[in-house]
Protein chains: 2
Amino acid sequence: MSSMAPGRTPTMRDVAAHAAVSPMTVSRTLRGDPRVSPEMRARVLASVEALRYRRNDLARGLRTGRSSGLLGLVVTNLSNPFYSELALGVEGLASVNGMRVVIGNTGGDVDRERQLVDDMASRRVDGIIVVPAGNDHAHLDPAGLHGLPVVLATRPPTGLDVDCVVVDDFGGSRSATAALVAQGHRRIGFLGLGRSLWTGAERLRGHCAALEEAGLPVEDALLRSVAPDAGAAEAVALELLAADDPPTALFAANNRNTVGAYRAIAETGSPAALAGFDDLPLADLFAAPISVVTYDTGEVGRRAAELLLERIADEEPPAHARLVTIGTTLKRYRPLRGPG
Amino acid sequence: MSSMAPGRTPTMRDVAAHAAVSPMTVSRTLRGDPRVSPEMRARVLASVEALRYRRNDLARGLRTGRSSGLLGLVVTNLSNPFYSELALGVEGLASVNGMRVVIGNTGGDVDRERQLVDDMASRRVDGIIVVPAGNDHAHLDPAGLHGLPVVLATRPPTGLDVDCVVVDDFGGSRSATAALVAQGHRRIGFLGLGRSLWTGAERLRGHCAALEEAGLPVEDALLRSVAPDAGAAEAVALELLAADDPPTALFAANNRNTVGAYRAIAETGSPAALAGFDDLPLADLFAAPISVVTYDTGEVGRRAAELLLERIADEEPPAHARLVTIGTTLKRYRPLRGPG
DNA sequence: CTGTTAGCGCATTCAA
DNA sequence: TTGAATGCGCTAACAG
């Protein structure tokens, strides 16, 4: 029964001293080693409780050479519901495996992404899930990170051989445009993303595929790229709707574009139909109907974590990088109607 | 110039061997110690680059006795935009101070909260921000965590003396109800939260205060508590609207209740006005007008992180726990109108 | 300016 | 069944 400096976090030695045993007995007891006699075990646990001792996982990890038990998660914008659900998915699967998640927000800045990945590698995370901000993925190559497992989410790797989880951007876009065509629309305006982004290219490709499959022409005048905010999308949509021969429907390639397009349609009183990629949660409360391409965002995170955990666990990693595609669903929102 | 086992993460010794210097020189170089000659520095850095060496922050922290550089963040539901913005706020301030954030999601389960806090304490995080799931906060007491700083967000501590950041639930509710009163409403239905929750109690209190200040009676028949999902809220709202002398307006105490109330009003074609606590982002696209109590959710996270970082930095902690209240704004959403 | 010794908190390996 | 030495990767504190 010895005392201890106040305010200091107790160590195993403190517990050992308190219980009048060797540190090893404390260590074994806490590890659940069966070779500890019940009396010793009880004495140690009493001291542990008395001192409110908590084993230092950092020091433990250092000695065992085992991992930190941390997964890194680097996203572009955590406040975007998409990424927060993705984060929740990752956290859930990590927790089941006794791991925690360290988050980093890049704000779309590649330099910051580089710096975050570097920092996490220094913290010896067991693996990293990244939603890449740009197209240069060189700093994400496990080869340059001593084999640290990396999984990309939302965008496929360029120049890297790493696992990846993406949404079926092509298929989702195609089905949305096909649905508009099925409703009789023959001139459909497209509010796209930057063509340099993989996601943007795929969604455009899906849109065009649906048109071609319907025997409709792909008119350049109806295809627009939009800066990534709803205001810009609204301006572009207004321009499309003001044309001599305006489109009778719009397809917006992401949620911000969809919101902008919706506003343009509402303001001008245009009868144009609207479809968009990404869900808009309370769209059934909107004044006008809208179709959206939805997908399970949490599933993206869960699958990414799954791939990462496999890489971490496997002695011999899979020979080739794996690509998981998350399917999409076309969802129609119709305004609520009163009984009258 | 010595070689190294492949696939292994290099250590300082590896770098030292590669550069043919002592580990201390490597350590000093990486620390930026000015007492290293330029030639040595260059030689070391060359080896560092050649081996793609990255200092092990865990071992470093162990030796320096310094902190892990991690902040714990325990929330009830990360997929809720409120908490993801809070998380973003915390992450931002942490990053500025060179720290990372470890997240944990409780799903509202107090046992899981306990376990997460315990785990994070074992990982030697420098402090924890918690959105408590329940009213029992005993396990969050720094006294039981060897002085580990704790800051509560959204809900004030019960039985603890810790810093806290809350939203002005009382003031926000009062202003929302006051606005309805100013519009001429004299019978206002209230869709509240559980009375046991602090947030719920405060929002009810604010509502009642506004009524009393206007000389209006607080009628029990108009006050309801709702289970925490939109469907239940809708049912309760329908019941209120179906009364003999129905309320001419509803005030819902959180976003889910607001959505339920909105649906009830839309379905019945009721002319009742609607106000609610918590923002509903795209409410200007809704068919009917709505007022909401908004607040800067990111600010909640930033202030919480601020308080926590102060506690971590200060040798002598503030004598008393501090309470920060984040103000609210009443925001009116009006449906978009076409030019016609 | 550079190297040596020692130890952070813990767990493996060996001895008793 | 328990304890003593040794070292994980890194850096204070001291030599030189």
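Biologist: Let's start at the DNA. By class, how many nonpolar, polar and charged residues does the surface near DNA strand C have?

Modeller: Bear in mind that this is a predicted model. Around DNA strand C there are 23 residues, and M12(A), Y53(A), R60(A), T25(B) and R63(B) come nearest. Sorted by class, that surface has seven charged, seven polar and nine nonpolar residues.

Biologist: Which part of DNA strand C does M12(A) approach, and at what distance?

Modeller: The atom on the protein side is a backbone N or O of M12(A). Its partner on DNA strand C is a phosphate oxygen, and the distance is 2.5 Å.

Biologist: And chain B? Which of its residues has a polar side-chain atom 2.5 Å from a phosphate oxygen of DNA strand C?

Modeller: Two residues of chain B are worth looking at here. S22(B) uses a polar backbone atom, 3.1 Å from a phosphate oxygen of DNA strand C. The residue with a polar side-chain atom at 2.5 Å is T25(B).

Biologist: Which elements give two or more residues to the surface near DNA strand C, and which gives the most?

Modeller: Both chains take part: the elements are α2 and α4 of chain A together with α2 and α4 of chain B. The one that gives the most, with four residues, is α4(A).

Biologist: Now the other strand. How much of DNA strand D's atoms within 4 Å of the protein belongs to sugar or phosphate?

Modeller: DNA strand D is surrounded by 24 residues, the closest being T25(A), R63(A), M12(B), Y53(B) and R60(B). Of its atoms within 4 Å of the protein, some belong to bases, while the share in sugar or phosphate is 61%.

Biologist: How far is the polar side-chain atom of T25(A) from a phosphate oxygen of DNA strand D?

Modeller: A few residues make this sort of approach. The side chain of S22(A) has an N or O atom 3.1 Å from a phosphate oxygen of DNA strand D, and M12(B) has a polar backbone atom at 2.4 Å from one. For the polar side-chain atom of T25(A), the distance is 2.3 Å.

Biologist: Which element gives the most residues to the surface near DNA strand D?

Modeller: By class, this surface has 10 nonpolar, seven polar and seven charged residues. The element that gives the most, with five residues, is α4(B).

Biologist: Let's move to the two protein chains. How much area do chain A and chain B bury between them?

Modeller: The contact involves 64 residues of chain A and 64 residues of chain B. R54(A), R123(A) and H146(A) supply 14% of the area that chain A buries against chain B, more than any other three residues. Carbon and sulfur atoms carry 59% of the total, which is about 5,500 Å².

Biologist: One sheet has strands from both chains. Why is one side of each edge strand left without a neighbour, and which strands are these?

Modeller: The sheet is open, has mixed pairing and holds 12 strands, in the order β11(A)-β5(A)-β4(A)-β3(A)-β1(A)-β2(A)-β2(B)-β1(B)-β3(B)-β4(B)-β5(B)-β11(B). From one strand to the next, the twist averages 20°. Each edge strand has a single partner strand, so one side stays without a neighbour in the sheet; the two are β11 (323–326) of chain A and β11 (323–326) of chain B.

Biologist: Which residue of β2(B) stands opposite L71(B)?

Modeller: Strand β1 (residues 70–75) and strand β2 (residues 100–105) of chain B pair in the parallel sense, over six bridges. In that pairing, the residue opposite L71(B) is V101(B).

Biologist: At what angle does helix α5 of chain A run to β1(A)?

Modeller: Helix α5 (residues 81–96) lies across β1, β2, β3 and β4 of chain A, together with β2 of chain B. Its angle to β1(A) is about 170°.

Biologist: Chain B also has a sheet of six strands. Which are its edge strands?

Modeller: This open sheet, with mixed pairing, follows the order β7-β6-β8-β9-β10-β12 (chain B). Each edge strand pairs on one side only, and they are β7 (223–225) and β12 (329–333) of chain B.

Biologist: Last one: which residue in β9(B) does A252(B) stand opposite?

Modeller: Strands β8 (residues 249–252) and β9 (residues 273–277) of chain B run parallel and are joined by four bridges. Facing A252(B) in β9(B) is G276(B).

Technical notes. Residues numbered from 1 in each chain as written. Chains lettered and ligands numbered in written order. Predicted model: local features only at pLDDT ≥ 70, side-chain atom pairs only at ≥ 80, totals over all residues. Heavy atoms only, no water. Near = heavy atom within 4 Å. Polar contact = N/O pair within 3.5 Å; in protein donor to acceptor, adjacent residues only side chain to side chain. Nonpolar A, V, L, I, M, F, W, Y, C, P; charged D, E, K, R; others polar. Pairing = 2+ DSSP bridges. Contact = heavy atoms within 4.5 Å. Buried area = accessible area lost by both parts, 1.4 Å probe. Axes fitted to C-alpha atoms, helices over the stretch in contact; angles between N-to-C directions.
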